[in-house]
Amino acid sequence: MVAQAAANPGVGILGAEPFVNGVAMALGRIRRAGVANIRIHAGDVRDLFDILPDGCIGRAFLLYPDPWPKRRHRERRFVTPSYLWPLARVMAPGAELRLASDVADYIEHALAAVPAAGFDLLTPPAGRATPWPGWMPTRYEAKALREGRPPAYLTFRRGPAPSPGGGGGPATCPAAPASPVDRDAAIG
Ligand SMILES: C[S@@+](CC[C@H](N)C(=O)[O-])C[C@H]1O[C@@H](n2cnc3c(N)ncnc32)[C@H](O)[C@@H]1O
């Protein structure tokens, strides 16, 4: 996220992390990099979905979401309707959702669950092993590669249809801080 912010100083980036250690690590990196276009929510990303207006986010990143491998914990995964529909609402029609995971079962789950929440899959099967142009590996990705788990990269596009249960946020996007003109969101 910090590297992305440095490479795209005209883009406002929102990050969310519920664990204080993760927030402290991110703040240290932001300070050391001297970037001014990141805002961190120290909490669950769903809090942002409650307050952001419709169509505010230009691109969303879901990078190595917690896999919750046990079947009885599946409801805790991000790629469930309770996260995906609110995310779709705050994303602009046509905005990209980029998802990376090293868990084959999570990817299979996402291939079914994300389109069911109003997104179109853009990545063909042959393209799933190729990261996005300008991609900078995350800490978790580096660990997965060291441990022999190759990642998959999926790109979805938010469709034009309004999401169920839409509304709830303010009517217009809040003013962007200083110069950033677009908004991206990183989850976790
Ligand atoms: C496996 S780690 C991946 C971290 C980072 N994206 C990377 O690739 O190095 C998953 C992260 O998602 C965070 N997370 C889990 N649930 C979240 C939620 N509801 N909102 C925001 N972050 C969440 C966890 O605290 C953890 O830091």
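Which strand does strand S1 (residues 11-16) pair with, and in the parallel or the antiparallel sense? S1 teams up with strand S2 (residues 38-41), and the two run parallel, held by 4 bridges.

## The overall picture

What you're looking at is a predicted model. The protein has 188 residues, and 32% of them count as buried. Its secondary structure adds up to 6 helices and 7 strands. Starting at the N terminus, the order goes α-β-α-β-α-β-α-β-α-β-α-β-β.

As for contacts between residues at least 6 apart in sequence, 84% of them join residues at least 24 apart.

## S1, H2 and S2

Back to that opening pair: Leu14 is the residue to find if you want to see how S1 and S2 line up, as it stands opposite Arg39 in S2. Together with helix H2 (residues 20-33), S1 and S2 make a right-handed β-α-β unit.

H2 itself has 14 residues and spans 20 Å from its first C-alpha to its last, close to the 20 Å expected at 1.5 Å a residue. Right after H2 comes Gly34, with a positive phi near 70 degrees.

## S3, H4 and S4

There's another right-handed β-α-β unit here, built from S3, helix H4 (residues 81-90) and S4. Strand S3 (residues 57-63) is mostly covered, with 5 of its 7 residues buried. S3 runs parallel to strand S4 (residues 91-101), and 6 bridges join them. One spot to look at is Phe61, whose bridge partner in S4 is Arg98.

## The nonpolar core

In soluble globular proteins, nonpolar side chains tend to be buried together. Here, the largest nonpolar core has 40 residues. Which residues have the most contacts inside that core? They are Ala60, Leu87, Val114 and Ile187.

Leu87 is worth a click: leaving aside residues up to four places away in sequence, Leu87 touches Phe49 and Ala60.

## How far to trust it

The average pLDDT for the protein is 90, and 88% of the residues score at least 70. Confidence peaks in strand S6 (residues 152-158), at a mean of 98, and is lowest in strand S7 (residues 182-187), at 72.

Two stretches call for some caution. Over residues 166-170, pLDDT stays under 50, and the model gives this stretch 8 contacts beyond four places in sequence. Residues 176-181 also have a pLDDT below 50, with 10 contacts in the model beyond near neighbours in sequence. Where pLDDT is low, the predicted coordinates should not be read in detail.

How values were computed: Residues numbered from 1 in each chain as written. Predicted model: local features only at pLDDT ≥ 70, side-chain atom pairs only at ≥ 80, totals over all residues. Buried ≥ 20, exposed ≤ 12 C-beta atoms within 10 Å, placed from the backbone. Pairing = 2+ DSSP bridges. Right-handed = clockwise from strand over helix to strand, strands pointing away. pLDDT = per-residue confidence, 0-100. Contact = placed C-beta atoms within 7 Å. Core = buried A, V, L, I, M, F, W, Y, C linked by C-beta atoms within 7 Å. Expected span 1.5 Å × (residues − 1).
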